[in-house]
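This report examines how a helix of one chain meets a helix of another, and then the wider interface between the two chains.

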Amino acid sequence: MPLPKRESPKGKAVSLFVTCMVDMLHPETGLSVVQVLEYLGVEVNFPEKQTCCGQPAYNGGYHDEAKAVAIEFLKVFRDAEVIVAPSGSCATMVRVDYPKLFADDPKYLSEAERISSITWEFSEFLVDGLGIENLDGILPEAQSFAFHDSCHGLRMMGIKDAPRKLVGNIENAEILPLDRAEECCGFGGLFSIKLPNVSAAITDKKLASIKKNAADWILLGDVSCMTNMNTALEKRGEAKRLRHFADVLAEAIPKSGAKRGENPDGE
Amino acid sequence: MENKANQFINAADVALKDPDLQKAVAYGTRLGFNKRIAAMYEYGEEHGEALREQAAQIKGRALANLPNLLEEAEKNLLANGFKVLWAKDADEANELILEIAKKHESKLAVKSKSMATEEIGVNENLEAAGIEVLETDLGEFIVQLAEERPSHIVVPIVHKTKESIQKTLEEKTEMPSTENPVEMARFARAYMREKFLQADLGISGGNFVIAETGSIGLVMNEGNGRFVTSLPKVHIALVGIEKIVATLEEYATLTQVLPRSATGQTLTVYTNLINGPKRPHEEDGAEEIYLIFLDNGRSEIYQSNYADSLACIRCGACLNACPVYDVTGGHAYGWVYPGPIGSVITPLLKGLENAKMLPYACSLCGLCKDVCPVDIDLPHFLLDLRKDVVSTQKGNLFWDLGISGWSWVMRHPKLYRFAGKVAARVLSLLPLKKLPAPFNAWTDHHALPAFAEKSFTELWAEHQGEKNG
């Protein structure tokens, strides 16, 4: 079922939902998102009381606990005009699952639906929201990239081409195909703790196609899947690593806080 | 059959260590997955998606109107000369089948492939009464010889390699030794042909029951089903009450969607419409056909939030798509229906307490919904079942406390940041390679994730300072 159409986010300030995993494990990816948005002239704010969207509890079947966390989320982002997250999975929780979670809760349902309608995954926001596919970025030297499609972003939000376009339009970047790109990495949140051996067997199949891929980097849009695969690669003594595509975008644009179109040549 | 769904984790561990199973299941599911795509989207994505949507609507309408359609079907089936019986549960169905077998003094029953008969354990019941039962679908035949259970809804022996099939046939029959699958199939064919001629009872399932015409729709590839339903004088069809479709036209659509989804065929080799017992002017056909409508928990599902799961046409596409099924095979699921659809309907049919692991046997990747020909929202049902597990089952103290503690921390931003700091510090100071139970589950397969020295919240504050300074 396609998600309902929504208002254009153009010209509105972005409230960054950095996600707890980026906050704790990969804060640099959060900064990359800020850097890209500010480069594009988008005003970014960061509601500092944010923690988590509640997905771990929701996926575990603990809807009361998930709701309690989600209610805090609704409060923290009460003033947001647009919410952007560097994660297809966390964005799915807010965009797709919040209206379900609060379906029988008239007190919060309309706010959950409003928050859902203004929430975007990062690449989706740039490409579908702002209509920007080309950041005019350039990498210092030629690099090749392949993409893993994380499940929630792909199947719940329909995110497939957006990150490929953004990275593919960078000068010196080449996009290569990844065999079985759409297959699950086996993480599944609590699934990887509850059923560790099954999860790891799925991860091993995924890593088989990643290990033999010719690209310099495998990119993806979710730090959770990335952590699952990177720590599994490390455990297996493999050198290959995955990266968040936002970090590549940030690498390809000016660091200094210059905005696009404001470069010294005055183009 | 005995339900061992709660032993999923242990059974999965056994399967993970079985190299033959790993090889066979991965090969079989991949083949099925790819063939489905080729057949379903033969005329392009739009056409394939339109077919799926039509199929979903057909089954949706049939379910919405199920009580009326069942009455209409009964009336038309009776008019066609079927004997129509209703079974509330497995015991009733087995009693009815045994009564019929006894009444006709049956000695040998031949069966075509049917999940409903697996569900109620027809074979054990008849065999206990001294009636020989022969499975005549090739895969089911091998499963029966090997004294196993089918591990897949459509491909019962997907877990077996050619070598293990050869071994079974050589050990359990008089088959001359051969590595050639064609030779093996030829032997089985000849073996069964004799039995078909001797059999006095045929037992089948039914893929569809068409209400408007009072017919049973049966699709198959091996032709065994035609023997089963036409050679013996008595034929029993056991059909779940959810198998009803309203019209012949709708049946025609579903006969396209089912094989495309199941085996990647545009049509099965045999597509049968059974319109009643042998008429006086006809040369062959069963003289009596009993259609037993099986409830066995379906009415309860019908009245629950999970009613849409009754739309399932048993194509097995979700099994072929599922990353969990791919590494565990079907036996790990512990009962008749494996894979995503099994993880949904086993708890519903057998009681949540008897299958409470199954809703968790899923990474929530969502692919099963995408391949489902009738668009059942399996991932959402699995999430809802998890909610039911948490709210109705005796909890697991570790998870209950863990999640409430987690939720509490997440509602207190300062505490969350403090906890993050502590975790980062502890993990960086202690030379931990392994975490204590149950988190060793993570470190058995992964390195410990490194927490960042500074969280994003701290970096943001610095960033703001730079911008403003």
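## Basis of the description

Axes are lines fitted to C-alpha atoms, for helices over the stretch in contact, and angles between N-to-C directions run from 0 to 180 degrees. The model is predicted.

## The helix crossing

Helix H2 of chain A (residues 27-39) and helix H22 of chain B (residues 456-468) have axes that come within 8 Å and cross at roughly 40°. Angles under 35 degrees count as roughly parallel and those of 65 to 115 as roughly perpendicular; H2(A) and H22(B) are therefore oblique to each other. Their crossing is right-handed.

On the side of H2(A), the contact is made by Pro27(A), Gly30(A), Leu31(A) and Val34(A), while H22(B) contributes Phe456(B), Leu459(B) and His463(B). These residues divide into 5 nonpolar and 2 polar, with no charged residue.

## Helix H2 of chain A

H2(A) has 13 residues and spans 18 Å from its first C-alpha to its last, close to the 18 Å expected at 1.5 Å a residue. The helix is mostly covered, with 11 of its 13 residues buried. Among them are Pro27(A), Gly30(A), Leu31(A) and Val34(A). After H2(A) comes Gly41(A), which has a positive phi, near 80°.

## The wider interface

In chain B, 49 residues are in contact with 51 residues of chain A. Elements giving two or more residues to this side of chain B include helix H1 (8-16), helix H18 (378-392), helix H20 (413-429) and H22. The largest share, 6 residues, comes from H19(B). By class, the side of chain B that touches chain A divides into 31 nonpolar, 11 polar and 7 charged residues.

Terms used. Residues numbered from 1 in each chain as written. Chains lettered and ligands numbered in written order. Predicted model: local features only at pLDDT ≥ 70, side-chain atom pairs only at ≥ 80, totals over all residues. Helix = DSSP H or I, 4+ residues; strand = E, 2+ residues; numbered from the N terminus. Parallel < 35°, antiparallel > 145°, perpendicular 65-115°, else oblique. Left-handed = near helix turned anticlockwise from the far one by under 90°. Contact = placed C-beta atoms within 7 Å. Nonpolar A, V, L, I, M, F, W, Y, C, P; charged D, E, K, R; others polar. Expected span 1.5 Å × (residues − 1). Buried ≥ 20, exposed ≤ 12 C-beta atoms within 10 Å, placed from the backbone.
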